[in-house]
Amino acid sequence: MKILPFDIYGDHLDLGRMWTKWIERFERELKYNGCNPSNVESSEIAKMAILIYAGTDVEDLHDTLESPVKPEEVQNDDWTEYAKSKAKLTGYFVPKQCNDFAIYELMKTLPEEYATRLKKAGDKCD
């Protein structure tokens, strides 16, 4: 199965959740193909892969974002090129989820409606 490029123009209130799912699938694909993104030697390849798989829109966005600051809990050896790129993109997309609005949408959905619609609205909530 090929991972589709990440849609940065999707539901703006749901980008954070969608990015989290996309990056999990991507990392699963990396591991399946034998690439360990935490390994320094594989890190550059993993960085290139995330930009190629995510698509040109994400790649252009990546190039315009500032480099992230290394979190204190991350060891220097673990702060690889892939980790920096992932942190940069995650920092951009994850704050785009709005739990309050997602709860509002869920409450607005009538209980008489189909269960799948309620489940879809509930998936947007934390």
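What is the volume of the largest pocket? The points below take up this question and then turn to the rest of the structure.

1. The largest pocket. In this predicted model, the largest pocket has a volume of about 250 Å³. Its lining is made up of 14 residues, and those closest to the centre of the pocket are Pro5, Phe6, Asp7, Met18 and Trp22. Sorted by class, the lining comprises 8 nonpolar residues, 5 charged residues and 1 polar residue.

2. Confidence. The average pLDDT of the protein is 83, and 90% of the residues score at least 70. Helix 3 (residues 56–64) has the highest confidence, at a mean of 94, whereas helix 6 (residues 115–123) has the lowest, at a mean of 72. As a rule of reading, predicted coordinates should not be read in detail where pLDDT is low.

3. Overall architecture. The protein contains 6 helices and 0 strands. Followed along the sequence, the pattern is α-α-α-α-α-α. The protein has 126 residues, of which 31% count as buried. Among contacts with a separation of 6 or more, 60% are accounted for by residues that stand 24 or more positions apart.

4. Aromatic pairs. A search of the whole structure yields 9 aromatic pairs. One of them joins Trp19 and Trp22: the pair is stacked, with 5.3 Å from centre to centre and 20 degrees between the planes. The angle of 20 degrees falls under the limit of 30 degrees, and the pair therefore counts as stacked. Both residues belong to helix 1 (residues 15–32), where they are 3 residues apart, about one turn of the helix. Trp19 and Trp22 are both buried.

5. The aromatic cluster. Ring pairs also connect residues into a cluster, which consists of Phe6, Trp19, Trp22, Phe26, Tyr53, Tyr82, Tyr92 and Phe93. Two members deserve a second look alongside point 1: Phe6 and Trp22 belong to this cluster, and Phe6 and Trp22 are also among the residues closest to the centre of the largest pocket.

6. Ser42. Is Ser42 buried or exposed? The relative accessible area of Ser42 is 16%. Residues under 20% count as buried, so Ser42 is buried. Ser42 is located in helix 2 (residues 40–54). When its neighbours within four places in sequence are left aside, Ser42 is in contact with Cys35 and Asn36.

Methods: Residues numbered from 1 in each chain as written. Predicted model: local features only at pLDDT ≥ 70, side-chain atom pairs only at ≥ 80, totals over all residues. Heavy atoms only, no water. Phe/Tyr/Trp six-rings, centres within 6.5 Å; stacked < 30°, edge-to-face > 60°. Helix = DSSP H or I, 4+ residues; strand = E, 2+ residues; numbered from the N terminus. Buried < 20%, exposed > 50% of the residue type's maximum accessible area, 1.4 Å probe, protein only. 1 Å grid on protein atoms, 1.4 Å probe; cavity = no way out; pocket = protein on both sides within 12 Å on 5 of 7 lines; lining within 4 Å. Points joined across faces, edges and corners; volume = space filled by probe spheres on them. Nonpolar A, V, L, I, M, F, W, Y, C, P; charged D, E, K, R; others polar. pLDDT = per-residue confidence, 0-100. Contact = heavy atoms within 4.5 Å.
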